[in-house]
Amino acid sequence: MSEMKHLVTLEGLTVDEMMAILKAADEFARGRQQTFNQKVVANLFFEPSTRTQYSFEMAQKKLGIETITFNERVSSISKGETLYDTVKCFEAFGIDALVIRHPEENYFDQLMGHVSIPIFNAGDGSGQHPTQSLLDLFTIWQEFGYFEGLKIAIVGDVANSRVAHSNIQVMKRLGMKVSLVAPPQFQEAGYKWHDLDEVLTEMDIVMLLRVQHERHQEALSLSQAAYHEQYGLSIERERQMKANAIIMHPAPFNRGVEIADEVVACERSRIFKQMENGVYVRMAIMSRAFER
């Protein structure tokens with residue numbers, strides 16, 4: 001790992017480094033105080049976001065970090081300025097770090113080695129979402145205390161989900177057993193695919209994914225009702241889950257499509273806990289970058 005504490009994918013982190021982030025997040029969740037009141041971070045979001053953008057901002061406020069929120073619509077992007085030049089502009093201003101969400105997969109490749117401040121990837125197209133993966137892992141670790149051997153079903157629009165791509169990779173590294181469920185339209189080559197009802201009762205975790213209509217070249221071939229019947233977590237399916245199994249979703253979620261309305265906030269749901277944990281994990285990764 002280089003001295004500069006970028007976080008653009010989880011591939012560059014060892015298991016020990018990931019666990020150190022989770023332990024730091026746990027300390028923040030338990031009330032640890034830390035202040036970086038001389039730091040300024042710019043949040044550059046080129047795609048819509050609620051949870052990721054504002055949990056980063058909340059994490060920054062809790063750490064005493066000043067923030068600049070970038071507005072693409074009134075920026076020089078409208079005049080043809082490239083992402084690279086926008087980033088170099090903020091670097092020239094004296095910004096201490098950048099949080100970037102961008103529709104281009106691996107957008108950070110053009111920046112690595114050319115930028116002297118940390119970059120935190122808040123999502124690159126359908127590619128990676130490392131801080132979401134870390135908050136998912138933190139939520140699982142809080143619940144079970146370990147990863148090795150845990151069984152998780154990731155269900156839904158896998159092909160278009162940066163959350164799925166990050167999680168599949170890192171969860172397998174940690175010894176989790178990952179089962180993938182998706183309509184044929186959302187499947188990718190190189191993975192084994194399962195039937196939800198055949199694996200459901202074995203799972204420790206069921207993670208639903210939103211149908212990402214905005215990334216589709218063609219319309220979903222199933223109606224919302226048919227999708228829910230075949231791939232959605234209905235109240236009937238929830239009742240079949242193991243006693244201590246939990247439900248997760250990176251959100252935003254479509255009630256009545258990938259998850260039934262009654263299931264969103266049921267006893268085994270950790271969906272809103274994931275949102276809370278996003279603040280602590282993002283505090284941990286910024287603390288990691290700024291500590292000397």
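1. Long-range contacts. Take the contacts in the chain between residues at least 6 apart in sequence: 74% of them join residues at least 24 apart. The model is a predicted one, and the points below should be read as computed from it.

2. Overall form. The chain has 10 helices and eight strands. Its radius of gyration is 19 Å, close to the 19 Å that the globule rule gives for 292 residues, so the chain is as compact as a globular protein of that length. Along the principal axes, the C-alpha atoms fill a box of roughly 55 × 45 × 30 Å. Of the 292 residues, 58% count as buried.

3. Main core. The largest nonpolar core holds 84 residues. Ile154 and Met171 touch the most other members. Helix α10, residues 271–290, gives this core its largest share, 10 residues. Apart from this core lies another, of 17 residues. Its members include Ala42, Phe70, Ile95 and Ile119.

4. Methionine 171. Which residues does methionine 171 contact, once neighbours within four places in sequence are left aside? They are Leu137, Ile140, Ile152, Ile154, Met176, Val178 and Met207. Ile154 thus appears among the contacts of Met171, and both are named for touching the most other members of the core.

5. Cysteines. How many disulfides does a search of the whole structure find? The search finds zero. Two cysteines can be placed by accessibility. Cysteine 89 has a relative accessible area of 29%, so it is partly exposed. Cysteine 266 is at 15%, under the 20% limit, and therefore counts as buried.

6. Aromatic pairs. The count comes to 10 aromatic pairs. In one of them, the ring centres of phenylalanine 90 and phenylalanine 93 are 5.7 Å apart. Their planes stand at 80°, so this pair is edge-to-face. Both residues lie in helix α3, residues 83–93. They are three residues apart, about one turn of the helix.

7. Burial within that pair. Is phenylalanine 90 buried or exposed? Phenylalanine 90 is at 9% relative accessibility, so it counts as buried. Phenylalanine 93 has a relative accessible area of 60% and is therefore exposed. The pair thus joins a buried ring to an exposed one.

8. Another edge-to-face pair. Tyrosine 107 and phenylalanine 108 also form an aromatic pair. Centre to centre the distance is 5.3 Å, with 75° between the planes, and the pair is edge-to-face. Here both residues are buried.

9. Aromatic cluster. Phe46, Phe70, Phe90 and Phe93 form one aromatic cluster. Phe70 is also listed in the core of 17 residues. Phe90 and Phe93 are the helix α3 pair described above.

10. Salt bridges: glutamate 291 and arginine 32. The count comes to 11 salt bridges. One of them joins the side chains of glutamate 291 and arginine 32, at 3.1 Å, N to O. This pair links distant parts of the chain, 259 residues apart. Glutamate 291 sits in the segment after α10, and arginine 32 in the loop between α1 (15–29) and β1 (40–45). Glutamate 291 is at 38% relative accessibility and so counts as partly exposed. Arginine 32, at 24%, is partly exposed as well. Glu27, Arg32 and Glu291 are linked in a network of salt bridges.

11. Salt bridges: glutamate 143 and arginine 270. These side chains meet at 2.8 Å, N to O. Glutamate 143 lies in helix α4, residues 130–144, and arginine 270 in the loop between α9 (261–264) and α10, so the pair ties together parts that are 127 residues apart in sequence. Glutamate 143 counts as partly exposed at 33% relative accessibility. Arginine 270 is at 19%, which is under 20%, so it counts as buried.

12. Salt bridges: arginine 237 and aspartate 197. The closest N and O atoms of this salt bridge are 2.8 Å apart. The pair links distant parts of the chain, 40 residues apart. Arginine 237 is in helix α8, residues 235–240, and aspartate 197 in helix α6, residues 196–199. Why does arginine 237 count as buried? Its relative accessible area is 8%, and the limit for buried is under 20%. Aspartate 197, at 38%, is partly exposed.

Definitions and conventions
Residues numbered from 1 in each chain as written. Predicted model: local features only at pLDDT ≥ 70, side-chain atom pairs only at ≥ 80, totals over all residues. Heavy atoms only, no water. Core = buried A, V, L, I, M, F, W, Y, C linked by side-chain atoms within 4.5 Å. Buried < 20%, exposed > 50% of the residue type's maximum accessible area, 1.4 Å probe, protein only. Helix = DSSP H or I, 4+ residues; strand = E, 2+ residues; numbered from the N terminus. Contact = heavy atoms within 4.5 Å. Disulfide = S-S within 2.5 Å. Phe/Tyr/Trp six-rings, centres within 6.5 Å; stacked < 30°, edge-to-face > 60°. Salt bridge = Lys/Arg side-chain N within 4 Å of Asp/Glu carboxyl O. Rg over C-alpha atoms; globule rule 2.2 N^0.38 Å.
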